[in-house]
Amino acid sequence: MAAMSDLMRSGRTAAENAKAHANDEVIDPTSSHFPPFIMNKPFSEKADKIGLSDGEMISLNAEEAVKLQKMQSHLNDNVSGDLVKITLFKNWGDTQEALLLHAKPTTVKQVQDIVKAACKYEDSDGNKGIKMGMGGSYHSWSAVFPDPGGLLINTCNLKLQECDTSDGKGRIDFDEDEMRVTISPGVTPAELMNFFLNNDICFESDTIIANVTYGGTLSGGCHGTGKDQKSMSDEIVSMKVVDGAGNLRTLPPEASRDCGADEILKAAQVSLGLFGVVVEFTMSVKPMSNCLVNNIFDKTVNDVFPYSLTGSYDSKPLADLLDKYWSVEMFWFPFNSLFKWVETILPSSNSEKQLKIPQYPEIPAEAMQEQEEEFTAEATAGAKGRRWPPSPSQLLTWLWSPYADKLWIRGIDNDKDRSEKYTVSLEPGVPFWSKVMDVAKGGLGQALITPLVSNFPGASPFTLLFAFNEVKFQFGTLQGQEVVRTPWAVHYLDGIDLMPCYDMEFAFSIDIKNPITLVKAVQKVVTTTRNYAKFGKFPSDANPDEKINFPLTLCMEMRIMHKSDTLLCPASIVEGGDEHVAYLEVLSTSGTPGYEAYFEEVAKEWTKLGGIPHWQKQWTFLKDTKIPTGTGSTQDIFEYVRDKYGQNLEKFKIVRDSLNLDPNNLFMNETMKKVFDP
């Protein structure tokens, strides 16, 4: 081990090594006269633990470390600048961890050199090539990163080939005549948002979080919300990639022997990293628009998703809501109706934007007793039927009905919905104090709430009650109804990075005029959450005496969008004549006990309704689960995903093979292999 590179030099701590190699920084996206995002750097800046000491390497995996050191030496011998390091990779959500190689190039030429060197490598057993993958802010939860022992190419600091760009930093360029913007994959929404505000252009939809990088959000088919808005990836008109041989390619090419340009583009728009290293995206943009944002807190779960004693489902309240607004986003924080008197001490007013103290509906007694069957049927034998003694928190839940909980609904109209343009009330966006509150909220959550619910799960009803009322005060009482520039309506939360969480999200094909499938999917979450709270569950891998009651420690979120034209976006799989897709997700704080069992329970209900997992949210943890389908059969999750995409997946494979983008499958990790090449 003494012969290892300076990364593993004995006598130097990991922190000292990290400092020694931290010679490049993410370009600060806040240099503009517009109020910046407070949290503006990708998580990867903190996650890349470049420079592990000998002791740490050995304790992790000495044999693997030696292999990595040999690959590192080979790569650095063929790439200028000593770019390749050895790192302990960890993603933001704390669901993936691996010891692997890491490089953070700043130029396209460096990317090409790295890939070419990786192709030439041959180990002692004669295996050729080094497996590779991309990373940016590491906000993906599933196993879409390089496998352990591979090479992660972080594109956060990558610049465009054309240095004379519109932003003056080599990362963003704008073609005003074509209304197209070209960006580096390391650009974040926060960085691009300031550019948009300065140039009076925008995306009409985008991800909420502002410090992810577009290399990941676009390659994974991420989305925003809006009835006429497709995925972010649908806005891509062309891209440049470094393929599996190190060649710089433009997609779609002018001509292809086997596939048309439109077919190639639809495949490339959501490439999942399988087309090589994307070094440039060119996307369509729109003129800047204004949005009227309504923060609504006066509707209960039962108002929008009525409980039915007969087993039928009423979708009219939801359909009416979706018809009223251009964009609808909805959050449910469980237990917010636990103490009704809390509402009486909060400020209120008589306008739509400053909501009145709500009147809780009388929920039928029968509704409180739905699915009273034993919820511990799948529990360990020793725990079967054990309901007593109930915990104090569980006693509180017997006084709680989820159907009385209030929802946070963001109903948005934009310029297209009115003949008269809105007048911006806050120029150019939400006040700085609101963003300070966001950051304080994230910091408080990570410092207090996350460890509290991890160590004392019974506190969850109280932390959720607090969270909902804080959100209601900030967005209902202080902001309420407001007119803002579209980017501010899209990226309305700051400081999310401070509070890592678990997140599972599925997409559902819906008829927007009769969204029965969505109503069912939401009620499955409500019912499962209620049954956990009231009866508890004993995960097979837990102590039989440790009953899980509160695995949903953040919220359920719902967004509506138009179907996608790409091949592999979850929103591209629609049924019949459906033109819209609903995304539904459940989120819990990192460290929440029993969350995987709860997520699995919900996932099984969602797959019965035809739901498709979001590529980058949590779904690969279901690898050992038998997934029920709508036909009554079961499949493993990889087979289920493969069948759902069907012909789209086959078309994707044809395009990839015909262009010979990755002849040696160096960009295909084990997860993607199980889906594409079982």
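In what follows, two residues are in contact when heavy atoms of theirs lie within 4.5 Å. The exercises concern a predicted model.

**Exercise 1.** Determine how much of the chain is buried, and state where the confidence of the prediction is below 50.

*Solution.* Step one is the overall inventory: the protein chain has 17 helices and 21 strands, and of its 678 residues 60% are buried. Step two concerns the surface, of which the chain exposes about 26,300 Å², with carbon and sulfur atoms supplying 50%. Step three turns to confidence, where the mean pLDDT is 80 and 75% of the residues reach 70 or more. Residues 1-40 have a pLDDT below 50, although this stretch makes 105 contacts in the model beyond near neighbours in sequence; residues 425-429 also fall below 50, with 11 such contacts. Where pLDDT is low, the predicted coordinates should not be read in detail.

**Exercise 2.** Decide whether helix α5 is enclosed or open to the outside, and identify what covers its buried residues.

*Solution.* Begin with the cut-off, since a residue counts as buried when its relative accessible area is under 20%. By that criterion 9 of the 11 residues of α5 are buried, so the helix is largely enclosed by the rest of the structure. The buried positions are Pro-189, Ala-190, Glu-191, Leu-192, Met-193, Asn-194, Phe-195, Phe-196 and Leu-197. Next, look for the cover, which includes the strands β5, β6, β7 and β15 together with the helices α6 and α13. Finally, consider the orientation: α5 lies across β5 and β6, and runs at about 35 degrees to β5. On the same topic of helix packing, α7 packs on the sheet by touching β8 and β9, its direction making about 70 degrees with that of β8.

**Exercise 3.** Work out the strand order of the open sheet that contains β5, and explain why one side of each edge strand lacks a neighbour.

*Solution.* The sheet has 5 strands in the order β5-β6-β10-β8-β9, and their pairing is antiparallel. The strands β5 and β9 stand at the edges with a single partner each, so one side of each has no neighbour in the sheet. Direction ignored, neighbouring strands are turned by 15 degrees against each other on average. For the pair β5 and β6, the antiparallel pairing extends over 4 bridges, and Asp-175 stands opposite Arg-180 of β6.

A closer look at β10 can be taken through Thr-282, which belongs to this strand. Thr-282 counts as buried because its relative accessibility is 10%. Its side chain is joined to that of Thr-182 by a polar contact of 2.9 Å. Apart from neighbours within four places in sequence, Thr-282 is in contact with residues including Arg-180, Val-181, Glu-235 and Ser-238.

**Exercise 4.** Find which residues show unusual backbone geometry, and place each of them in the chain.

*Solution.* The reference point is that most residues other than glycine have a negative phi, and most peptide bonds are trans. Against this, Met-179 has a positive phi of about 55 degrees, and it sits in the loop between β5 and β6. Met-179 counts as partly exposed because its relative accessibility is 23%. Asp-200, with a phi near 60 degrees, is another non-glycine residue with a positive value; it follows α5, in the loop that leads to β7. Since its relative accessibility is 48%, Asp-200 also counts as partly exposed. The peptide bond from Leu-251 to Pro-252 is cis, with omega near -5 degrees, and Pro-252 lies in the loop between β9 and α7.

**Exercise 5.** Show which residues Asp-147 meets beyond its neighbours within four places in sequence.

*Solution.* Asp-147 belongs to the loop between β3 and β4, and with 24% relative accessibility it counts as partly exposed. Its contacts beyond those neighbours are Leu-100, Asn-669 and Glu-670. Asn-669 is 522 residues away in sequence, yet the two C-alpha atoms are 6.0 Å apart. For Glu-670, the backbone nitrogen lies 2.9 Å from a polar atom of the Asp-147 side chain. As a last step, set this beside the chain-wide value: among contacts between residues at least 6 apart in sequence, 77% join residues at least 24 apart.

How values were computed. Residues are numbered from 1 along each chain as its sequence is written. Side-chain values use heavy atoms; hydrogens and water are left out. Helices (H or I, at least four residues) and strands (E, at least two) are DSSP runs, numbered from the N terminus. Buried means under 20% relative accessible area, exposed over 50%, partly exposed in between (1.4 Å probe, protein chains only). Accessible areas come from the Shrake-Rupley method with a 1.4 Å probe; for residues, only the protein chains shown count as cover. Two strands pair if DSSP finds at least two bridges between them. Axes are lines fitted to C-alpha atoms, for helices over the stretch in contact, and angles run from 0 to 180 degrees between N-to-C directions. A polar contact is a pair of N or O atoms within 3.5 Å; within protein, one must be able to donate a hydrogen and the other to accept it, and residues adjacent in sequence count only if both atoms are side-chain atoms. pLDDT is the predictor's confidence in each residue, from 0 to 100.
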